Amino acid sequence: FAPLVKVCKEEGCAMRIGSNHGSLSDRILSRYGDTPLGMVESAMEFLRICEEYNYHQIVLSMKSSNTRVMVHAYRLLVNKMDAEGMNYPLHLGVTEAGEGEDGRIKSAVGIGTLLEDGLGDTIRVSLTEEPEYEIPVAKALVDRYAHRGEHGKITTNTHFDLNPFEYEPRTTHTVLNIGGENVPRVMADLSLESKINTETLSQLGYQYFESEDKWGIGDFACDYIFINKMEINFELPGTLGVVQAYSVWKETHKQQHYPQINPEEYLNGEDFHPQLNFIYLTLPDLSNELIEKLKKDPTTVLLIDTYNEHGMAEQRQIFSELLAQRCTAPVIIGRYYRDLPIENMQLYSATDLGSLLIDGFGDGVFLAAEHCGTSEQVNQTAFGILQASRTRISKTEYISCPSCGRTLFDLQETTAMVRERTSHLKGVKIGIMGCIVNGPGEMADADYGYVGTGIGKISLYRGQEVVQSNLPMEDAVDALIDLMQEDGVWIDPQELEVAI
């Protein structure tokens, strides 16, 4: 490496040093494992050599398709550089993020979390699409910070337990199906609908079969709906909860309905639901008196909101106050968006909510999006954010690379072909890599890999291990399915339909 450093210094060339989650040396792996710390130590070894030769034209990148690993690696890198008096710029990116909505949300969760922390100097959005589609996504992520310095001041409390370098979910107690060991819940906003009927719920994952008078529940079925002061006059699916204004709930006490209460009503009132009550608040509402009552009440869930331009930081401060005072009430993270294209709403919400989820905060999410796409799109965005932050898995995950000169097949066409056959395999991670050069390293987090190894040739991986080499491309997807059957993870789509 030293001769390369000397040449770069002599020629005035800059260098990017990138650690790849799946391509760490055996020596690093034996000591640190394939961890963020291993990635950082690998980069720091090269940095120290550069400094020995007084060469400083360096930018650093921590490459991973796992948003948690990526965020923790960058944060830890900055921490280690600070300790050694270094301050090199960072190039941010979630490698092999995939395509479409999933790729955009995943990129925003990873890149956006670090931008919210004030980290990052250049970014790259890596999509399995034509390269010109990556730039608008990157610009949309960055442009939010043009005037961020003008946000309202947020009073911080640093005396709380949070490790920014490892994922550790905040400890909460269980209230019905929220908090504790439950997956994060999804609340959908129906308060602005002109009316609510069975067709409304069909956009939220619930299909009503009139002839059989029963409900079908999909993988993207929300857990709660917020209706404010509206009414529902038909029988609901048994798994769906309804959140409504406290003033209405007090008059009706309907089954499956739960009140949304403001802090003043909560502190002064007595008539609450015996099992579940939602307390809507922002940071200024969080008084010591309120926290003390919450600590004694096993029925409350906080629904937090923010009106601050730097809303993530303000909501993070709510969690810091709860941690500092050992309050274990579950929290639903709520954000409101208005008059945005659906693409921007997805990027903004993935940044705002994903940042907190990556930190282990939040027992659910609530997107109130006015004129930002359909209810179905907003609902699927909520599930996509949970998937990208690895907090609730509801679909197959595809780790697929962008087009480049080494790609040995049409990535978009091939990804679509693999997706068509495997998209029903909830929780399975499949890497689709165009070449053998970067493929195995950049799909480190995948359960299975489909990697181009020659013109018309595919190699299949189980994790990082090659199990079949140089298969004809026309046989490769069937062979991938055979491999999944051998491992017991394959589910026949027809059997799944019968089960549903």
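**Tyr224 and its partner**

I began with Tyr224 in this predicted model, and I found Tyr224 to be buried, with a relative accessible area of 4%. I then looked up Tyr258, which is buried as well, at a relative accessible area of 11%; for both residues I relied on the cut-off of under 20% for calling a residue buried.

How many aromatic pairs are there by the ring-centre rule? I noted a count of eleven aromatic pairs. Phe1 and Phe46 form one that is edge-to-face, with 4.9 Å from centre to centre and 85° between the planes. This pair links distant parts of the chain, since Phe1 sits in the segment before helix H1 (2-11) and Phe46 in helix H3 (residues 36-52), 45 residues apart. I checked the exposure of both rings: Phe1 is partly exposed at a relative accessible area of 31%, and Phe46 is partly exposed at 34%.

Returning to the tyrosines, I recorded that Tyr224 and Tyr258 form an edge-to-face aromatic pair, with 6.3 Å between the centres and 70° between the planes. Tyr224 lies in strand S8 (residues 224-228) and Tyr258 in strand S10 (residues 257-261), so this pair ties together parts of the chain that are 34 residues apart in sequence.

**Gly241, beside the tyrosine pair**

I next asked which residues Gly241 is in contact with, leaving aside its neighbours within four places in sequence. The list holds Asp223, Tyr224, Ile225, Gln256 and Tyr258, and so I noted that both members of the tyrosine pair are in contact with this glycine. Gly241 lies in strand S9 (residues 241-245) and is buried, with a relative accessible area of 6%. I also took a distance to Gly427: the two glycines are 186 residues apart in sequence, and their C-alpha atoms are 25 Å apart in space.

**A surface patch with Phe1**

I went back to Phe1, in the segment before H1, to see what it does at the surface. Together with Leu4 and Phe46, Phe1 forms a nonpolar patch on the surface, and the three residues have about 250 Å² of accessible area together. The two rings of the edge-to-face pair, Phe1 and Phe46, are thus also members of this patch.

**Ring cluster and charges over rings**

Which residues do ring pairs link into a cluster? I listed Tyr246, Trp249, Tyr266 and Phe272. One of these rings also has a charge over it, as Lys293 lies over the face of Tyr266, at 4.5 Å from the ring centre. Elsewhere I noted that Arg68 lies over the face of Tyr167, at 3.5 Å from the ring centre.

**Positive phi values**

Lastly I looked at the backbone for residues other than glycine with a positive phi. Asn54 has a phi near 55°, and Asn54 lies in the loop between H3 and strand S2 (58-63). Arg390, also not a glycine, has a positive phi of about 60°, and its place is the loop between helix H13 (375-388) and strand S15 (397-400). Is Arg390 buried or exposed? I found Arg390 to be buried, with a relative accessible area of 17%, a value that falls under the 20% cut-off.

How values were computed:
Residues numbered from 1 in each chain as written. Predicted model: local features only at pLDDT ≥ 70, side-chain atom pairs only at ≥ 80, totals over all residues. Heavy atoms only, no water. Phe/Tyr/Trp six-rings, centres within 6.5 Å; stacked < 30°, edge-to-face > 60°. Helix = DSSP H or I, 4+ residues; strand = E, 2+ residues; numbered from the N terminus. Buried < 20%, exposed > 50% of the residue type's maximum accessible area, 1.4 Å probe, protein only. Lys NZ or Arg CZ within 6 Å of the ring centre and 35° of its normal. Contact = heavy atoms within 4.5 Å. Patch = residues over 30% accessible without salt bridge, like charges linked within 9 Å, V, L, I, M, F, W, Y side chains within 5 Å. Areas by Shrake-Rupley, 256 points an atom, 1.4 Å probe, with all protein chains shown as cover. Salt bridge = Lys/Arg side-chain N within 4 Å of Asp/Glu carboxyl O.
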